[in-house]
Amino acid sequence: MKRVVLPLLALGLLTSAASAQQNLRIGLAEDPDILDPTLARTFVGRIVFMGLCDKLLDIDKDLKLVPQLATEWSWSPDQTAVTFKLRQGVKFHDGEAMDAEAVRYSLDRHLNLQGSFRRSEINVVKSIDVVDPRTVKVSMGAPFAPLLAQFTDRAGMILSPKAAKDAGTSFGAKPICSGPYKFVERVQQDRIVVEKFKEHWNAGAYHVDRVTYLPIVDGTVRLANLRSGQLDLLERLQASDVAEVKKDSKLKFASLTGLGYTGITINVANGDRAKTNVLAKDKRIRQALELSIDRDAINQVVFTGEFKAGNQWVPPTNPWYVKSAPIPKRDVAKAKDLLKAAGVTNPSFTLMVPTGNEAQQVAQVVQSMVKESGFDMKIQQVEFATSLQSAQKGDFDAFLIGWSGRVDPDGNLTAFIACDGGQNDGKFCSPQVEAALKDTRSTSDFEARALAYEKIAKVLADEMPRPYLYHPTWFWAMNPKVDGFIPVPDGLIRLSGIKMN
Amino acid sequence: MLTYIIRRILISIPTIVFVSIVVFGLQLLLPGDPALALAGEERDPQLIAELRRIYHLDQPIWRQYLIWVGNVLQGNLGESIRLKMPVGDLVTAKLPVTMQLASMAILIATCVGIPMGIVSAVKKETILDYGANVVALSGISVPSFWLGIMMILLFSVNLGWLPASGFVKPSESLSQNLKTMIMPAFVLSSVTTAIFMRHTRSAMLAVLRSDYVRTARAKGLREPRVIFRHALRNAIIPVVTLGAIQLGELMSGAVLTEQIFTIPGFGKLIVDAVFNRDYAVVQGVVLCTATGFIFLNLCADLIYFLVNPRMRG
């Protein structure tokens, strides 16, 4: 009897376990590119990496650094090196152990593999030394406080050296890391499937057994898929659908202000166009332009009030926001006075805008607002890749452009306003800003860095080379049975804690 | 006969060379620096220089062309910059999906459009004729993305009968495959259905007025026999020719439909590639399509040659 009952019981347990299998289907706004942390470049790919590859560090919803593969970290006294203590007993999906050598190998790959998209993020790193199997020391030539934040994203992802060596540049076809989910299959432009990695060091925090990522580009169709039950969760809900989703009792909604911004880059000194650009002539004209703009109105008109108005490189909700430089109120009379003082009447310029509905609407709202102060603003729509090229060549007066945002404020600022910044398309250059930028990088002390950022905010508010306008908000919609989703400002979907009730 | 075939094949070679030049020249027409577009938000100058070198973008355009042609002749269509996968693999994975979609669409168009055309010709200027004309006109004028979204809202969201998007291979589950493909195929077929209906109608009207049909009726044949055995057989010939052309049109028309229903086919592949400036994929896909068209044309000519005795002279 026993011999019959036991297998039957086992079978019963098995079937009940199988029926309790939780499968989470996530709708992505684009098809990710290659799933190799070194070679990947898209935002959407990072969402998938969250499940596949653990990083040295992570951030929480308040942008605080939290341990992941590194349990402790410490700066050298001169701030030019960081020592990481690694978590013990961590395994890669291929069963290999994650140790200091694997960290050294991965960081070295990020720095040196041909075509690496990570190099520019961590190129300050001069050497990576294995101190002992649990300890790695990363040294730089000079102090660079933003380094730790870089390790919270792809540059901090650790790959299985054995798998990476075997696969070479085709590693991305079957990525092997140490994340909570392991790669199962990918059908290009259709789906990416991952399943729970039972030997993960924190497996208890992950309740979903299988995750399927489905790229559905059209926002309306993505939402229709959620409504019809083909998806459980979707990212980047369209701002125009937010009101409807909030009202719908059959859907759950989540939102959070992101790390990015949209602003107007003014060509102050890039090429011949800057010489004829009226906005480059006098800072008072740029100040007048800013004072003519009502940022809240843009948010209300174009984004139904769901985004966040802003005047700095980080949103007002960010811990790095300079509170002593708040958003100025719109003041048309003062703007007119400034134009008069600068000796110009009806200044005329062209705003280059990447193609797309939202950008065009923002431009139109700005156009009508600045007109009241006497500006004659023309709108020139240019396809995105082409607009980048024109911007770099200096073939523009003003350019409406967004930035997706980085965890450390340095990533939102330096490349755009440092004299030799790679994305300083307007070629703004100020010795005061330059000195303050150096200060922000040379210490990891929050107060000291915040003080330097305050100096920068003051100079930028006066010189106005890049009026910032607003900060996009991330919107997620989900089936009410999805529980435990925590929005984080980087807009990624962390799978820990997510349950299907 | 053999000389004709050989001549026809030889003529298609310069056509393919010409197509390859046009395909390659297309990248010159796309504005924007590809290396800059590829380098992502960070625009790291060192990476941009490296990308230029890897993908030969730093070479003069004629040399880039020769490198590409050299590779293509060795059966290597290059590697997708975005996905780091051989373009040949992508093409072979996507082509069957679009072919299934286009075939299903042409089947729907045939089963719906032709009978509708017959009915509206036979019942000329009746309510049936007007109804069929309204359907045809709507089929041509309603944009496919609108029709697609409306169908998703009706059949997936409200009724819950069909999945809103996605694709299942027929080898995995034929019923699931048909469930996911029926809506896209219907949307894709809407224009072709209308064209088939209009052409069948006008061809039938012309034939029904001809002498031999009058003779058939005078012989006392029953009406269905007159219509199907005598009139339709002649009227259908131009529609069949049209069908062959439409199949090609459907393959390219699938771009939008695949985008709406997230079908991982040829059209979606090329749209994504253009937006990402993934030149290798754009060139590979267009070259394959063009070569396919040339090959089909060649086959058509050869078949024509075989069936038409006058050409063999």
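# A tour of the chain contact, one sheet and two helix pairs

Begin with both chains on display: the contact between them takes 37 residues from chain A and 40 residues from chain B. The model is a predicted one. On the side of chain A that touches chain B, the elements giving two or more residues are helix H4 (119-122), helix H7 (219-227) and helix H15 (384-393) of chain A. Colour this side of chain A by residue class, and eleven nonpolar, 18 polar and eight charged residues appear.

**The sheet of chain A**

Next, select the strands of the open sheet in chain A. Seven strands form this sheet, and their order is S8-S9-S10-S1-S11-S19-S12. The pairing is mixed. At the edges lie strand S8 (181-187) and strand S12 (252-257) of chain A, each of which pairs on one side only. From one strand to the next, the twist averages 20 degrees.

Within the sheet, select residues 191-196 and 210-215 of chain A, which are strands S9 and S10. These two strands run antiparallel and are joined by four bridges. For a single residue pair, pick A:Glu195, whose bridge partner in S10(A) is A:Arg210.

**Helices H17 and H18 of chain A**

Remain in chain A and select helix H17 (residues 431-442) together with helix H18 (residues 446-463). Their axes come within 8 Å and cross at roughly 160 degrees. An angle over 145 degrees counts as roughly antiparallel, and H17(A) and H18(A) are therefore roughly antiparallel to each other. The crossing of H17(A) and H18(A) is left-handed.

Show the side chains where the two helices meet. H17(A) contributes A:Gln432, A:Val433, A:Ala436, A:Leu437, A:Asp439 and A:Thr440. Opposite them in H18(A) are A:Arg449, A:Ala452, A:Tyr453, A:Lys455, A:Ile456 and A:Val459. By class, the contact of H17(A) with H18(A) comprises seven nonpolar, two polar and three charged residues.

**Helices H6 and H8 of chain B**

Finally, move to chain B and select helix H6 (residues 127-141) and helix H8 (residues 174-208). These helices pack at an angle of about 140 degrees, and their axes are 7 Å apart. H6(B) and H8(B) are therefore oblique to each other. Their crossing is left-handed.

From H6(B), the residues that make the contact are B:Ala132, B:Ala136, B:Gly139 and B:Ile140. From H8(B), they are B:Ser190, B:Val191, B:Thr193, B:Ala194, B:Met197 and B:Arg198. The contact of H6(B) with H8(B) has six nonpolar, three polar and one charged residues.

Definitions and conventions. Residues numbered from 1 in each chain as written. Chains lettered and ligands numbered in written order. Predicted model: local features only at pLDDT ≥ 70, side-chain atom pairs only at ≥ 80, totals over all residues. Pairing = 2+ DSSP bridges. Axes fitted to C-alpha atoms, helices over the stretch in contact; angles between N-to-C directions. Contact = placed C-beta atoms within 7 Å. Nonpolar A, V, L, I, M, F, W, Y, C, P; charged D, E, K, R; others polar. Parallel < 35°, antiparallel > 145°, perpendicular 65-115°, else oblique. Left-handed = near helix turned anticlockwise from the far one by under 90°.
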